[in-house]
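Work through the exercises below with the model open beside you. Try each task before reading its solution.

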Amino acid sequence: MLAAARHQAIVDAVQRERVVRVSDLAAQLGVSLMTVRRDIEQLEEGGKLERIHGGAKLPGDASAHEPGFELKSTQLTAEKRAIAVAAAGLVQEGMAVGLSAGTTTWALARELTGGPRITVVTNSMRIADLFHPGGSTVILIGGERTPSDALVGPIATGALKQLHLDVLFLGVHGMDADAGFTTPNLLEAETNRAFVAAARTTVVLADHTKWGMLGISSIAALDDVDEVISDAGLSEEARRILQERAKLRIAAVPMPT
């Protein structure tokens, strides 16, 4: 594919999805990661997009953009499954377990459905449906539904203030050394802060592409959580920063057969 055609395809993808990843573009275009990075650099110089860690976004407003569940659930499935398997090992019989809405926490819920009997507290109808019917108790908090499949707002935060969780597994939109863990939805950030306040232990589940992504609203600082579970694609700089601020666990992604 000629450079001009690649550039147009990248611009089209950014305009369509608002945020794109280098790895996804390389696979779609059939070129190397280095080629895509060079293309993104040239397009940024022309003002067509803005580089971010691991990808590109529309200039200016992507921090407030919230991709839908269906799109996100098809991305990085192997990494999310590996993170979910690692997280499932932290759950024991009888625990009260919080699962915030999101595709990685949904992957964890799939791992837990055949596991120990627990009490699940979630603001995701998709996650609640996975446990029904089953041996675990599910508490689905109410609220307004967001594009990322989260129930949020004052009803959700009010319910969480009455609960006590042994462990919370928190999905996030982005991780940043200064902004901490973020989301593009203000009400979701407020609800997730209530989740964190209700939990004895908070574990963030975030694949490597979340590093450097910045949502408009912060949920918690890096050192406000107990552990982060990510994958081997996480950069050395990100690992160093996270290890200084919280416990970091790298989930092993199985090699394709």
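**Exercise 1. Find which helices help to line the largest pocket, and describe that lining.**

Step 1. H2 and H3 each supply at least two residues of the lining of the largest pocket. Helices (H or I, at least four residues) and strands (E, at least two) are DSSP runs, numbered from the N terminus. The model is predicted: local features need pLDDT of at least 70, side-chain atom pairs count only at pLDDT 80 or more, and totals for chains, interfaces and linings use all residues. Residues are numbered from 1 along each chain as its sequence is written, and side-chain values use heavy atoms, with hydrogens and water left out.

Step 2. The volume of the largest pocket is about 220 Å³. Its lining has 10 residues, and the closest to the centre are Val22, Ser23, Arg37, Gly54 and His208. A pocket is an open set of points on a 1 Å grid over the protein atoms alone, where a 1.4 Å probe fits, with protein on both sides within 12 Å along at least five of seven lines; lining residues have an atom within 4 Å of a point. A volume is the space filled by probe spheres set on the points, which are joined across faces, edges and corners.

Step 3. Sorted by class, the lining has two nonpolar, six polar and two charged residues. Ala, Val, Leu, Ile, Met, Phe, Trp, Tyr, Cys and Pro count as nonpolar, Asp, Glu, Lys and Arg as charged, and the others, Gly among them, as polar.

**Exercise 2. Describe how H2 packs against H3.**

Step 1. Two packed helices are described by the angle between their axes and the distance between the axes.

Step 2. The axes of H2 (residues 22-29) and H3 (residues 33-45) cross at roughly 110° and come within 9 Å. H2 is therefore roughly perpendicular to H3 (65 to 115 degrees). Axes are lines fitted to C-alpha atoms, for helices over the stretch in contact, and angles run from 0 to 180 degrees between N-to-C directions.

Step 3. Val22, Ser23, Leu25 and Ala26 of H2 meet Leu33, Val36, Arg37 and Ile40 of H3, where contact means heavy atoms within 4.5 Å. These residues divide into six nonpolar, one polar and one charged.

**Exercise 3. Which sheet does H2 lie across?**

Step 1. H2 lies across E1 and E3, at about 70° to E1.

Step 2. E1, E3 and E2 form, in that order, an open antiparallel sheet. Strands pair if DSSP finds at least two bridges between them. E1 (19-21) and E2 (50-52) are at the edges.

How values were computed:
Parallel < 35°, antiparallel > 145°, perpendicular 65-115°, else oblique.
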